[in-house]
Amino acid sequence: MEVTSVAGEKVTPAALVRLRAPACGQPPHPSPATWQHGHVTAATHSPLFPQVPDSADAVLEGLDPEQREVATALHGPVCVLAGAGTGKTRAITHRIAYGVRAGVLQPSSVLAVTFTNRAAGEMRGRLRQLGAHGVQARTFHSAALRQLQYFWPKAIGGSMPRIVDRKVQIVADAAAACRLRLDRGELRDVTAEIEWAKVTQTVPADYAPAAAKAGREAPRDPAEIARIYSLYEDLKRDRAVIDFEDVLLLTVGILQDRQDVAEQVRAQYQHFVVDEYQDVSPLQQRLLELWLGDRDNLCVVGDASQTIYSFTGATPDHLLDFRVRHPGATVVKLVRDYRSTPQVVHLANGLLAQARGRAADHRLELVSQRPAGPEPVFTEYTDEPAEAEGAARRIRDLLDAGVPAAEIAVLFRTNAQSETYEQALADAGVPYQLRGAERFFDRPEVRKAGVALRAASRFGGNDALLDDVVDLPSQVRAVLSGEGWTPQPPAGSGAVRERWESLAALVNLAQDFAAARPGATLADLVAELDERANAQHAPTVQGVTLASLHSAKGLEWDAVFLVGIAEGMMPITYARTDEQIEEERRLLYVGVTRARERLFLSWALSRSPGGRPSRRPSRFLDGLRRGSSAPGAGRGGAGGAGGVERGQARAVGAAEAAAPRRVRRTPARCRVCGRTLTDAGEMKLMRCEDCPSDMDEGLYERLRDWRAEQARRSGQPAYCVFTDRTLIAIAEAVPEDERELVRIPGVGARKLNRYGADVLALCAGRDLGADAADAADEAGGETSGH
């Protein structure tokens, strides 16, 4: 699958690169009184259309003292340790803008890198708003691809190989050549293992010992994976293609082998900024070192306490060892939390106070800058359905009290937990949107299981599997055993485990259904599943967010429900080593710090009604909830209060702090009549609903017909392709290229990759052929590794 960056370049995503989309429809929040002067602007919510500062000093206005230190430290190595909600993006974009506006940095000599196209696009947008035009803000892969494409003819010769758009297919071919049969889930997991090996610079021969040393739960025998990995590399060479990780590897190879190319790159880029530095892989770190050469004009930003992607190769070691590699570095700690209330921050700090390990030694003690809010609510339920219903009731109360649905989130540890909450919200009449995963009934394994159950309900008398089973739960277990369900879960994590969890959810649902309706048949259960699936296909625009904790990183909401916080789920069962347990704690910390005002944490004593109450709350809550005793605290460490630690190369260019003032927030206005817009749909169109439209009616009808066909092919509702408002926005803008198309709200990188060629062809007045439709179909079948 290809992803097109905002700059228009097509790259292929690996498991390492995670798309973290912001919660849609979030209204801008007013800046709360912060810091001791009471008028420092908030760190997390920027105005829609701010005025460009009229001078370099004006760029510094509204920054708190530590953010100002970051912004004015323009020389030598700088390390910014930024806690959740402390305005790290604000600090580094103002640093770049201040340097550019002050004439210290040349825009074209600055390269800012981060991990997602969304984050890079946001950074470019902020820099433009601050008057710093021409600065390159890209992902690691986008920057490397740009250089690889430019230097390939000179360094290697000929045309650069095509980037493979279906890596899983080559992995499948490699497995088949090894006489190994992998199902779809195993293919995804083995592909993720190959990606991990490449970003950690592990060759096939070294995979098995490297995986063992890293404590990885391999989805197959490590020797088998090593054979598949080796043959996968051979097949790529034979087919003259490269994959997403090769973009980094080849760029590293050229910069290492060709001094003239390395010098040309270093002459172009002289100042580097790296965001989310705790997520850097060894391969990305090596590329960064080659970009730098023997220079030290580097600013890195990160938080070791938010390291939650180590299974993809990310490591906080580069962040934690920054002062060792750069003894003269200036270290700035951002701990003023502008996102969350003191009550939420107190819980987050308490959670990390019990942590152990290197990351814990460098934890930051956050200090809330917001007014007091309600205390976090801890709730124990008898069973999981009661927990979901309780969350739905509370959400209904919040909606009735005026909290927007888009400002509420339910976060869980695994995607398989979503079905219970999808159903509870649907029953309560609460609109929702699932982020970072397919809806439960849209998942391939659930759809396939539904087909098998339907067939068994019709022709079960001829199925030998059902000969010796009588009751409904036993029938379901027998049918789903042919789809991959087993009484015991598979070891480890990944797609195989996720598929088993989905099937196990169906088994559990059958047990609950039979208990509620004695005498129910398999046909009755199939009808119940169909009813649930149909109810959850209702389109929702402004909805409560359902998301896994991993996919919630980088997002925030007014009210957050952290559910299933029980032993076995948090930490997850397969987290066994001390390092894995501590990463689970950090994952919960990320969840806690997503909440601005209201935080609800809950757990269930049993899985189903009437079940044995054998579960207990997560150990991570010990000492934090009323009535629980605190375990031994962590070792403490060098984290704690904010401030500045200066190395030998003291930062220069710092100006005296000007009296901070609140930045004026300009509302979104209709491009036709000028009225202030508040409705999310109107803001998408940038005009009032009843203002005249310059929409191309013919194009709109063609887009609707095309959308209907795409929905039919994929078996999903039409709004999942594009909403009506997005189609209207496209028909009004009539984009001519990918840059223009991706700017339209509702498109985004994933849909641009999947549908962009078709939409642009329709906008250009061309007819779509069957080949294009088939290509789109194939693109939809690819699954991401993370």
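Author: A residue is called buried when its relative accessible area is under 20%, exposed when that area is over 50%, and partly exposed in between (1.4 Å probe, protein chains only). This is a predicted model, in which local features need pLDDT of at least 70, side-chain atom pairs count only at pLDDT 80 or more, and totals for chains, interfaces and linings use all residues. Residues are numbered from 1 along each chain as its sequence is written, and side-chain values use heavy atoms, leaving out hydrogens and water.

Reader: How does Asp-321 count at 26% relative accessibility?

Author: Let's try those cut-offs on this residue. Asp-321 has 26% relative accessibility, so it counts as partly exposed.

Reader: Which residue forms a salt bridge with Asp-321?

Author: A salt bridge is a side-chain nitrogen of Lys or Arg within 4 Å of a carboxyl oxygen of Asp or Glu, and here the closest N and O atoms are 2.7 Å apart. Asp-321 lies in the loop between helix H13 (317-320) and helix H14 (322-325), with its partner 37 residues away in helix H16 (residues 358-361). Helices (H or I, at least four residues) and strands (E, at least two) are DSSP runs, numbered from the N terminus. The partner is Arg-358.

Reader: How many residues apart in sequence are the parts that Arg-336 and Glu-66 tie together?

Author: These two form a salt bridge, with 2.6 Å between the closest N and O atoms. Arg-336 belongs to strand E11 (residues 336-337) and Glu-66 to helix H2 (residues 65-72), so the distance in sequence between the parts they tie together is 270 residues.

Reader: Which helix gives the largest nonpolar core its largest share?

Author: A nonpolar core is a set of buried Ala, Val, Leu, Ile, Met, Phe, Trp, Tyr and Cys residues joined through side-chain atoms within 4.5 Å. The largest one here has 44 residues, and Phe-140, Val-274 and Trp-291 have the most contacts inside it. Seven of the core's residues, its largest share, come from residues 140-155, which form helix H5.

Reader: What percentage of the residues in the chain is buried?

Author: In soluble globular proteins, nonpolar side chains tend to be buried together. Besides nonpolar residues, Arg-336 and Glu-66 are both buried as well. Out of 786 residues in the chain, the buried ones make up 56%.

Reader: How many salt bridges are there in the whole structure?

Author: We have met two pairs, and another joins Arg-237 and Asp-234 at 2.4 Å, N to O. Those two are three residues apart in helix H9 (residues 222-239), about one turn of the helix. A search of the whole structure gives a total of 41.
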